[in-house]
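Visitor: I'd like to go through this model and ask how each label is earned. Could you walk me around?

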Amino acid sequence: GDPDVHASRSAQLFERADLVIPGGVNSPVRAFHSVGGTPRFIREASGYTLTDVDGNDYVDLICSWGPMILGHAHPAVVEAVQKAAATGLSFGAPTEGEIELAEEIVGRVAPVEKVRLVNSGTEATMSAVRLARGFTGRTKVLKFSGCYHGHVDALLADAGSGLATFGLPTSPGVTGAQAEDTIVVPYNDLDAVAQAFAANEGQIACVITEAAAGNMGAVAPMPGFNEGLRKLTSDNGALLIMDEVMTGFRVSSAGWFGLDRVAGDLYTFGKVMSGGLPAAAFGGRADVMAHLAPAGPVYQAGTLSGNPVAVAAGLASLRAADQGVYDALERNSATLRTLLSDALTAESVPHRVQTAGTMLSVFFSEDPVTNYAEAKAAQTWRFPAFFHGLLSRGVYPPPSAFEAWFVSAAMDDRAFSIIADALPHAAKAAAAA
Ligand code: PMP
């Protein structure tokens with residue numbers, strides 16, 4: 001049937017949005033470009049349920065692209081936000097809450113001794129790279145194909161996520177000089193990293209990596225990969241930036257660091273630590289962070305950085321994320337993985353449900369996916385049919401074959417029975433695609 005049959009109000013809003021907003025959305029993947037159909041405009045959300053403007057309910061498997069590990073409108077977070085909002089929205093002067101959020105992050109991730117709050121993951125990685133350049137006095141940055149670190153000019157090359165969805169190698173508007181200072185090598189390939197260091201001796205300021213890749217779909221680092229990056233960067237006088245914007249405080253209370261204990265020099269965070277409001281952070285070694293203004297010469301600033309309402313949301317979320325929440329995320333991710341795999345197996349659809357901690361992705365591939373080239377080689381044409389098979393039956397997966405799926409701790413038996421009922425239809429559609 002027509003997957004968009006119940007989306008007339010969303011369709012009207014999308015047309016209206018397109019008149020005043022480029023492509024009708026404020027972040028590209030929301031436009032359903034690679035899956036087709038009408039993007040759903042959301043009216044409200046609670047727990048694991050998104051409700052659109054036509055009154056359809058969906059089990060949310062995006063969770064705002066990661067932040068909502070507790071589910072939507074969690075009472076403790078909403079209360080903290082309301083309380084903070086009632087006492088002033090922004091001061092442009094320091095507050096005690098900022099210290100508490102910084103202490104919460106420093107207390108969880110051992111290699112992070114100092115932390116600066118910013119407003120988005122993009123700002124966090126942009127600032128971390130500038131700091132790495134300022135600290136080392138070097139210009140080049142090494143990143144991995146298929147890793148996304150936000151829309152920072154220097155980091156947009158071969159960047160997975162939305163660019164993968166839209167088939168862009170990089171973006172017009174990024175200058176040759178910026179691209180020239182960025183070295184891109186395949187993920188999970190330590191030899192390529194070693195060769196890059198040899199070919200650019202004394203010039204590489206930092207290696208930036210997703211602590212576990214989530215932006216080409218979920219692709220975990222192979223055993224020894226992060227350790228190898230640690231050694232190669234140390235041996236060559238470069239800094240290692242662990243981008244934990246997606247993994248941070250989701251895959252464990254200490255993020256990916258909590259799982260593999262490989263220490264980066266600098267870290268970036270966002271999503272979960274924001275509680276769903278605009279907040280992010282970068283931090284790391286105290287001696288490196290000491291180079292940041294006003295303590296040091298590397299400039300970085302923000303009118304709304306450490307915003308009291310965003311800080312309250314982030315703090316309430318992290319404080320509510322106890323071991324019970326992480327246990328629930330583990331359970332729910334494992335249950336979803338089994339349901340997905342059983343349904344696709346029943347229809348003989350070639351697939352791998354890959355995990356990176358509790359993040360997961362469906363690849364329509366017989367072979368494991370370890371890098372971006374392998375992710376792109378999967379049978380991605382099956383994805384739109386699979387996506388709409390789920391969406392039209394009340395399950396909302398990410399609208400791209402190159403994105404991670406996110407569970408929340410709010411999911412219960414009812415959520416999984418909705419998913420279990422929808423999956424056979426979606427798997428049949430994927431098989432027929
Ligand atoms: N780094 C990673 C690993 C991300 O997943 C993202 C966003 N998906 C970013 C950076 C950029 O964060 P933001 O969208 O908040 O700018």
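Guide: Happy to, and keep in mind that this is a predicted model. Let's begin with helix 14, where F383, P384, A385, F386, F387, H388, G389, L390 and L391 are buried.

Visitor: What makes helix 14 largely enclosed by the rest of the structure?

Guide: Nine of the nine residues of helix 14, 383–391, are buried, so the surroundings largely enclose it. The buried residues pack against strand 13 (395–396) and helix 15 (413–432).

Visitor: Which sheet does strand 13 belong to?

Guide: Strand 13 sits in an open sheet of four strands, ordered 1-2-3-13, with mixed pairing.

Visitor: Why are strand 1 and strand 13 called edge strands?

Guide: Strand 1 (42–46) and strand 13 each have a single partner strand, so one side of each has no neighbour in the sheet. Further in, strand 2 (residues 49–52) and strand 3 (residues 57–60) run antiparallel.

Visitor: How do you know that strand 2 and strand 3 pair?

Guide: Pairing takes at least two bridges, and strand 2 is joined to strand 3 by three. As a spot to look at, T49 stands opposite V59 in strand 3.

Visitor: What is the order of the seven strands in the other open sheet?

Guide: That one goes 4-10-9-8-7-5-6, again with mixed pairing. Strand 4 (114–118) and strand 6 (182–185) are at the edges; each has a single partner strand, so one side of each is left without a neighbour. On average, neighbouring strands here are turned by 20 degrees against each other, direction ignored.

Visitor: What makes strand 4 and strand 10 a pair?

Guide: The cut-off is at least two bridges, and five join strand 4 to strand 10, running antiparallel. In strand 10, F282 is the bridge partner of R116. Strand 10 also pairs with strand 9 in the antiparallel sense, over four bridges, with G283 as the bridge partner of Y267.

Visitor: Why is strand 10 called mostly covered?

Guide: Five of its five residues are buried. A280, F282 and G284 point one way from strand 10, A281 and G283 point the other way, and all are buried. In a regular strand, side chains alternate between the two faces of the sheet.

Visitor: What lies across strand 10?

Guide: Helix 3 (residues 96–108) does, and it also lies across strand 4 and strand 9 (266–269). Helix 3 runs at about 125 degrees to strand 4.

Visitor: How do you know that strand 5 pairs with strand 7 and with strand 6?

Guide: Count bridges against the minimum of two. Strand 5 (residues 140–144) and strand 7 (residues 204–210) have three, in the parallel sense, while strand 5 and strand 6, also parallel, have four. Within strand 7, V141 stands opposite C206 and L142 has V207 as its bridge partner; in strand 6, K143 is partnered by V184. Four of the five residues of strand 5 are buried.

Visitor: How do you know that helix 11 has the span it should?

Guide: Helix 11 has 13 residues, 308–320, and at 1.5 Å a residue these should span 18 Å. The end C-alpha atoms are 18 Å apart, so the two agree. Helix 11 is mostly covered, with ten of its 13 residues buried, and the cover for the buried ones includes helix 2 (75–86) and helix 3.

Visitor: Why is Q354 called buried?

Guide: The threshold is 20 or more other C-beta atoms within 10 Å. Q354 has 21, so it counts as buried. Q354 lies in strand 11 (residues 352–356). Leaving aside neighbours within four places in sequence, its contacts include G217, A218, V219 and L360. Q354 and G217 are 137 residues apart in sequence, yet 8.3 Å apart in space, C-alpha to C-alpha.

Visitor: Last stop, the ligand. Which residues are closest to the ligand?

Guide: The closest are S120, G121, T122, G150 and V245, out of 16 residues that surround the ligand. Helix 4 (residues 121–136) gives the largest share of that shell, three residues.

Visitor: How many residues of each class are in the shell around the ligand?

Guide: The shell has nine polar, five nonpolar and two charged residues. Gly counts as polar in this scheme.

Key
Residues numbered from 1 in each chain as written. Predicted model: local features only at pLDDT ≥ 70, side-chain atom pairs only at ≥ 80, totals over all residues. Near = placed C-beta within 6 Å. Helix = DSSP H or I, 4+ residues; strand = E, 2+ residues; numbered from the N terminus. Buried ≥ 20, exposed ≤ 12 C-beta atoms within 10 Å, placed from the backbone. Contact = placed C-beta atoms within 7 Å. Axes fitted to C-alpha atoms, helices over the stretch in contact; angles between N-to-C directions. Expected span 1.5 Å × (residues − 1).
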